[in-house]
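Good morning, colleagues. Please take a moment to look at the sequence and the model on the screen before I begin.

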Amino acid sequence: MSRLWMSGYRSYELDVFSDQDDKLKVIKYALTSYLTEQIEDGVDWLITGGQLGVEQWCAEVGLDLKKTYPELKVAIMLPYAEFGGRWNETNQAKLQVLLADVDFHASVSKQTYENPQQLKNYQEFMLTHTDAAALVYDPDNPGKPAYDYDIIRSFNGEHPYPLTIIDFDWLQESANEYAEKQNNGFNFE
């Protein structure tokens with residue numbers, strides 16, 4: 001069994017505010033390409049969080065890939081109970097749909113948010129329950145994923161724990177490839 005933790009930027013950090021945004025199409029294309037390669041190399045669990053942005057997009061891509069790779073399992077782990085409870089109704093509904101569709105979901109802490117230690121406990125849980133990580137993150141453009149990036153780098157200094165960074169150069173290459181395939185009549189829908 002091989003378990004991959006995926007995370008990255010929040011949607012607002014990438015200026016993506018619509019499911020129809022061309023940037024999101026490119027990001028999902030990059031995630032699909034990366035995850036397909038990982039599944040073919042033995043990853044059978046995609047484990048992510050429920051944050052708006054890369055985490056939810058990873059879950060969506062993983063669920064879509066299950067059509068081709070039914071052996072893939074998708075899990076969403078939340079840092080605490082009632083995660084997302086303060087979001088607007090649309091975003092809460094999106095999270096609930098994803099939670100209903102994935103193979104497994106749970107909260108690391110059974111308590112509602114009380115303090116930052118719950119987020120540290122969540123990171124520790126993800127590190128110790130996965131075999132590798134991938135972040136949509138560019139160290140030259142820090143944001144919320146910097147916390148995960150730092151803890152993963154610290155952890156993999158002492159443990160065999162590979163980290164893949166899908167940075168802005170990678171996304172630009174994916175955008176170029178996506179555009180080329182579109183120009184050649186490839187339909188992504």
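Which pattern does the protein follow when read along the sequence? In this predicted model, the order is β-α-β-α-β-α-β-α-β-α-β-α. The protein thus contains six helices and six strands. Its radius of gyration is 16 Å, close to the 16 Å that the globule rule gives for 189 residues, so the protein is as compact as a globular protein of that length. The C-alpha trace spans about 50 × 40 × 35 Å along its principal axes.

Let me turn to packing and surface. Of the 189 residues, 44% are buried. If we consider contacts between residues at least 6 apart in sequence, 79% of them join residues at least 24 apart. The accessible surface of the protein amounts to about 10,300 Å², and carbon and sulfur atoms account for 47% of that area.

Next, the charges. The protein carries 15 positive and 31 negative charges, and the mean positions of these two sets lie 5 Å apart.

I should like to close with one residue, D21. Where is D21 placed? D21 sits in the loop between β1, residues 3-8, and α1, residues 22-40. D21 is buried, yet it has no salt bridge. The nearest side chain of opposite charge belongs to K23, at 4.3 Å; a salt bridge would require a side-chain nitrogen of Lys or Arg within 4 Å of a carboxyl oxygen. Once its neighbours within four places in sequence are set aside, D21 is in contact with D15 and V16.

Technical notes: Residues are numbered from 1 along each chain as its sequence is written. This is a predicted model: local features need pLDDT of at least 70, side-chain atom pairs count only at pLDDT 80 or more; totals for chains, interfaces and linings use all residues. Side-chain values use heavy atoms; hydrogens and water are left out. Helices (H or I, at least four residues) and strands (E, at least two) are DSSP runs, numbered from the N terminus. Buried means under 20% relative accessible area, exposed over 50%, partly exposed in between (1.4 Å probe, protein chains only). Lys and Arg count as positive and Asp and Glu as negative; His and the chain ends are not counted. Contact means heavy atoms within 4.5 Å. The radius of gyration is taken over C-alpha atoms; the globule rule is 2.2 Å times the number of residues to the power 0.38. Accessible areas come from the Shrake-Rupley method with a 1.4 Å probe; for residues, only the protein chains shown count as cover. The place of a charge is taken as NZ of Lys, CZ of Arg, CG of Asp or CD of Glu.
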